[in-house]
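Here's a quick tour for anyone opening this entry for the first time. Take a look at the sequence and the fold, then read on.

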Amino acid sequence: MARGILGAMRGPVIELENVAVRYGDCWAVRSATVKLEPGVIHAILGENGAGKSTLLKAAVGLAPRVSGDVRIEGSAAAIGMVHQHFMLVSAFTALENLVLGHEPTRSFGRLDLARARLEASALMEKTGLRVDLDACTSDLAVGERQRLEILRVLYRGARAILLDEPTAVLSPLEAEELYTTLGALAEGGATIAVVTHRMDEVLRFAGHVTIMRRGRTVLTRPILVDEREDPQRLEDELTRAIMGGEPPPEASPPALSDEAEVALSLEDLVLVDAAGKRVLDGLSFTVKKGEIVGVAGIEGNGQRELVRAIAGLEPGAAGSIVLGGARLLAARSAEELRARRRAIAVVHEDRHADGLMLDASTGDNLVLGELGEIDGPVAEAALVTRRIERFGVSPPDPARRVGDLSGGNQQKVVVARALDRIEASPERALVVLGQPTRGVDVGAASTIHGHVVKAAGMGLGVLVVSADLHELRRLSHRILVLHRGRIVADLPPQTSDDVIGRAMLGMEDT
């Protein structure tokens, strides 16, 4: 089952021609043609809602085609898809999820967990993708759950692997390890397609690229990895194809006064989990008014808990959190929580778990938590319209179920609600963003960055937790590196990837 998965064996050729997919009155894909061949990593880029994820789903039969053809040369059973949003049973262990549906058995059909563990361990050793097999899946960090999803597909013997935003939840080091694995699979003859928004990944790892815009494929071409290809010229070409024109200018942090007052102060913040492990281990740092502080770290080193503790959602947190001179820890009442929300804008890293009600409308999600604070339905409709327009939520239909939006547009809803709300609040003091541009395109990222810079320019303290080092360099006045719940480095934004990476791994010479 898991044996020999990296061995040389040709994957199927997957060809989609003039494919169109429609959900109700919404065209997710209008006319898309792409050919995925073995031996190369094929990247698919485009704006949020361009149809990238739907195209992959059409290839594996998960999206209802209105027209067009899907041809597979080889075994369709050898195609596996890794979805952007996790398809895991949260109450199961990682090992149980990994073998679910393909369980090894002993006599009388009994589950052979010992064999499953051996096969899973061998697969992790071959791929370099590791998770704690005995951990409950709900306790895994986001990056660990992503690795588990990829392992599940590989365990089933897939020779064509279609991945939807696989590195959106990974650190740069983890992403590089993943692409090393994908490259090894491609060299062994596998067919690999990756939907991504990260241009640097495409330039470094892809051998072929397709651009989609508004449901159509507008560019497809090889990427030459020698002196014939100028990286900057290629990046400009791809960006223009994605945007349909010139890209927006990059945001940069506002000037910071040496005399700026402290907006947020953390001193010896400690949080112990149910197993007795210190997930936050004596954190101490400050964020000044008008300062943007970035937080880097490999997933699972306390980033999620840091954001939750500042938001007042970790009642077991100990130590000192001071905001605008007021000492905070866990909110002790609903009114305290509302007051904190008016002063702090928070975006959590997992939009499905902590940011959205997927079965509710886009409009309802854009004003979630503000019931009783909006002066009637007319004002609510105007507020929803403003947030849709300011952040480019697409389609711009407040009645559409938010769970039906693309992942990037769901992220726009979460960020629009938080930032628009805090900009309008007279009590505003702090913005805390966990992975704010996860899964969004270059245009949406630019919009979000503009609002982050605007918040800092208004005198708010801003804390940005991100796995994207380019994003942190672009936005931050300085970058803190988190490792095993502790701040191990405080670095200027121009610090090299190598130095930041070593700090993220806990190496002491940084």
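What follows is a short walk through the domains, a few strands and the cysteines.

Keep in mind that this is a predicted model. The protein chain splits into two domains, and the stops below cover how they meet, how strands S3 and S5 sit among their neighbours, and where two of the cysteines stand.

**The two domains**

- Domain 1 is made of residues 14-89 plus 158-243, while domain 2 takes in 262-353 plus 417-505.
- Each domain is therefore listed as two stretches of the chain, as the assignment's bounds show.
- Where they touch, domain 1 puts in 17 residues and domain 2 puts in 18.
- Measuring from C-alpha atoms, their centres lie 32 Å apart.- About 1400 Å² of area is buried between domain 1 and domain 2, and carbon and sulfur atoms supply 62% of that.
- How many salt bridges cross the interface of domain 1 and domain 2? The rule finds 0.

**Strand S3 and its partners**

- Strand S3 covers residues 41-46, and 6 of its 6 residues are buried.
- Which residues sit on each face of S3? One side carries Ile41, Ala43 and Leu45, the other carries His42, Ile44 and Gly46, and all of these are buried.
- S3 runs parallel to strand S7 (residues 191-195), with 4 bridges joining the two.
- S3 also runs parallel to strand S8 (residues 208-213), this time with 5 bridges.
- Ile44 is a handy residue to click on: its bridge partner in S7 is Val195, and in S8 it stands opposite Thr210.

**Strand S5 and its partner**

- Strand S5 (residues 79-82) is covered on both faces, with Ile79 and Met81 buried on one side and Gly80 and Val82 buried on the other.
- S5 pairs with strand S6 (residues 160-164) in the parallel sense, over 4 bridges.
- Within that pairing, Met81 of S5 has Leu162 of S6 as its bridge partner.

**Cysteines**

- How many disulfides turn up in the whole structure? The search finds 0.
- Cys26 has a relative accessibility of 24%, so it counts as partly exposed.
- Cys136 comes in at 25% relative accessibility, so Cys136 counts as partly exposed too.
- The cut-off behind both calls is simple: buried means under 20% and exposed means over 50%, so values in between are partly exposed.

How values were computed. Residues are numbered from 1 along each chain as its sequence is written. This is a predicted model: local features need pLDDT of at least 70, side-chain atom pairs count only at pLDDT 80 or more; totals for chains, interfaces and linings use all residues. Side-chain values use heavy atoms; hydrogens and water are left out. A disulfide is a pair of cysteine sulfur atoms within 2.5 Å. Buried means under 20% relative accessible area, exposed over 50%, partly exposed in between (1.4 Å probe, protein chains only). Two strands pair if DSSP finds at least two bridges between them. Contact means heavy atoms within 4.5 Å. Buried area is the accessible area (1.4 Å probe) that two parts lose on being put together, summed over both. A salt bridge is a side-chain nitrogen of Lys or Arg within 4 Å of a carboxyl oxygen of Asp or Glu.
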